Amino acid sequence: MLQSSVLDPLPLVVIQQVLLVVAIFVSLAVARALSPIEWRWAGVLRRRFVLGVPWGTLLTIFGVLSVYWFVQGGWDHPRNPMTIPFYSWSYFYPLGTVVAPFAHQGMGHLTGNLQGTLVYAPIVEYVIGHHPRERGSQSFASWRTNPFVRILAVPAGAVAVGLFTGVFTAGPVIGFSGVVFAFAGFAIVARPLIAVFALVSERVVSVVYSGLKSPTLVREPSPGLFSPWWSDIAIQGHALGVLLGAGLAFVVLRARDDRPKALYLWFAAVVFGIRQSLWAIYRPRGDTQFVLYRAVGVALVFLFAAVIASAVWASDRPLSSRFDVPRRQTALAVVLVFLLGLSAAAIPFGFATVSGDLPQSAETVDVRDYTVTYVEGVPNEYVSFANDWIYAEDEQIRSSGVVVISERRGIWLESVSKQSLAFNGFARVRVGGLGWRETVYATRDGWSLVGNGTAYRVQIWEHGEPRKLAYATGPVRAQPVIAGRNVSIAPVQNGFALRVSRGNVTLGRSRMPGPVNATEVGGLTLERDDRDLYAVYNDTRVQVAKKAKPGRAR
């Protein structure tokens, strides 16, 4: 007798993903049916690309993915690849300079740049083309007209621009965004309206990807740590990429005697500069502050658009009756000056050196040439030249948190900020190099004293090794006074110590009792109820401290 079986229903996530894909294809089919003439671009693509596919773009994406998978170890840790050795730290550390433009901090960083590549790189590849367009030229007649050689133009250009940005981007930077912005700069000059269309399409691609990846998202309000979004933008590297891409487009258009409409070019440059936050010019100040020069940044975007349009469309007439310099050459000279100025800004960082000088009390974890520890308010050695010559004492850039130092590699990095470690209570830091990696862990725990701050300690250790006390605050006194006595808590290697005093006289000391335990100290009974600590005297019972809980700002 055959038994009937009921198939398990498809998961709701899969149903939503299928629905999204079907809806996109139905929408495209309707658009094509309503406007068949406008859909002739498929044949145009076949005339410009081998088999109608932008192979150079796909090769570029595969190359960036390969760095993430194999060099950074993303294959084993897709959400937490190794990044510290692959920043562009110093000219004396070529590995970082070479790898940084093609490495990424995580999956979000990677997918964002690959989406940008997918949107802008095909425009560059379309303008260059796999097949020659000059009259009388034939494919395979020479290496310059060979489609398989021309396919390599985009990936080869990406490598060249990436290496340039690796050398001339200021500060320790990681990511492919400099090359993505070069693709965009080329597109703005060569095909401005298509570039604006691509800018809109980039957002569409991003939302579709997010919808497929996470069809349903549940969030609830919770405290968190947020730095200004613009403080994470490598604005100098982005601007450098745009100018490089625009300059390469000038060369191509000049050789072909091809120029887009000036108004379209100006409009595309303004829209792109504003939308992609090229106006977000800022500088760090002190330990946790950033200064944003918004008005200056927006003004520069509009001037940038005017200069770019002039470089393409200005005539060769003299600039004025007093200055016998062609207008176009003047605009090109301004672009070149911008490019050289932005590049020169990176040179002090490239020649910067760091030292491992730390507070004498700091315990460290040493992994080969790396030193990992925790500091608060220590001047950042990577920008020591700026601290010494530019900033006043109260504006110096300082590090507070888990820092990673390597004199050989020129690394001084605040890998985990003080605020982040306080919020999460735990952090891991991956250090290493080509073919090896190690993990160092850090924890922070403490007690918040009623009315008077937190006594806390930070411990660090390497996997399989004992913990070290990297940092500890001094004793912190609770505000309540019980029978003329004060209660203080101080962090120590093995936990926390209690002190009961009257004025400056110590009446007794003891270790922190375990959960649901009590101890007699200096005439008070100190009771611990899990995370709460109470002082008891006769019939008086007052809370004096609460164990700090990760996930709460303190």
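Biologist: How do the axes of helix H5 and helix H9 cross, and at what angle?

Modeller: Keep in mind that this is a predicted model. Here the axes of H5 (residues 107-128) and H9 (residues 192-213) come within 10 Å and cross at roughly 145°. The crossing of H5 past H9 is right-handed.

Biologist: Which residues make that contact?

Modeller: From H5, look for Thr111, Gln115, Gly116, Val119, Tyr120 and Ile123. H9 brings Ile194, Ala195, Ala198, Leu199, Glu202, Val205, Ser206 and Tyr209. By type, the residues of this contact are nine nonpolar, four polar and one charged.

Biologist: And what about nonpolar side chains away from one helix pair?

Modeller: The general idea is that in soluble globular proteins, nonpolar side chains tend to be buried together. In this model, the largest nonpolar core has 102 residues, and Tyr120, Phe183, Val189 and Phe272 have the most contacts inside it. Helix H8 (residues 177-190) gives the largest share of this core, 11 residues. There's also a second, separate core of 19 residues, with Ala455, Leu498, Leu526 and Val544 among them.

Biologist: Which residues does Phe272 touch, leaving out those up to four places away in sequence?

Modeller: Phe272 touches Tyr120, Phe181, Ala184, Ile188, Leu199, Val242 and Leu278. You've met Tyr120 and Leu199 already, in the contact of H5 with H9.

Biologist: Now Thr165: does that count as buried or exposed?

Modeller: Compare its accessibility with the cut-off: buried means under 20%. Thr165 has 6% relative accessibility, so Thr165 counts as buried. Thr165 sits in helix H7 (residues 153-168), and a polar atom of its side chain lies 2.8 Å from the backbone oxygen of Gly162. Beyond four places in sequence, Thr165 touches Pro101, Leu240 and Leu244.

Technical notes. Residues are numbered from 1 along each chain as its sequence is written. This is a predicted model: local features need pLDDT of at least 70, side-chain atom pairs count only at pLDDT 80 or more; totals for chains, interfaces and linings use all residues. Side-chain values use heavy atoms; hydrogens and water are left out. Axes are lines fitted to C-alpha atoms, for helices over the stretch in contact, and angles run from 0 to 180 degrees between N-to-C directions. Helices (H or I, at least four residues) and strands (E, at least two) are DSSP runs, numbered from the N terminus. A crossing is left-handed if the near helix is turned anticlockwise from the far one by less than a right angle, and right-handed if clockwise. Contact means heavy atoms within 4.5 Å. Ala, Val, Leu, Ile, Met, Phe, Trp, Tyr, Cys and Pro count as nonpolar, Asp, Glu, Lys and Arg as charged, and the others, Gly among them, as polar. Buried means under 20% relative accessible area, exposed over 50%, partly exposed in between (1.4 Å probe, protein chains only). A polar contact is a pair of N or O atoms within 3.5 Å; within protein, one must be able to donate a hydrogen and the other to accept it, and residues adjacent in sequence count only if both atoms are side-chain atoms. A nonpolar core is a set of buried Ala, Val, Leu, Ile, Met, Phe, Trp, Tyr and Cys residues joined through side-chain atoms within 4.5 Å.
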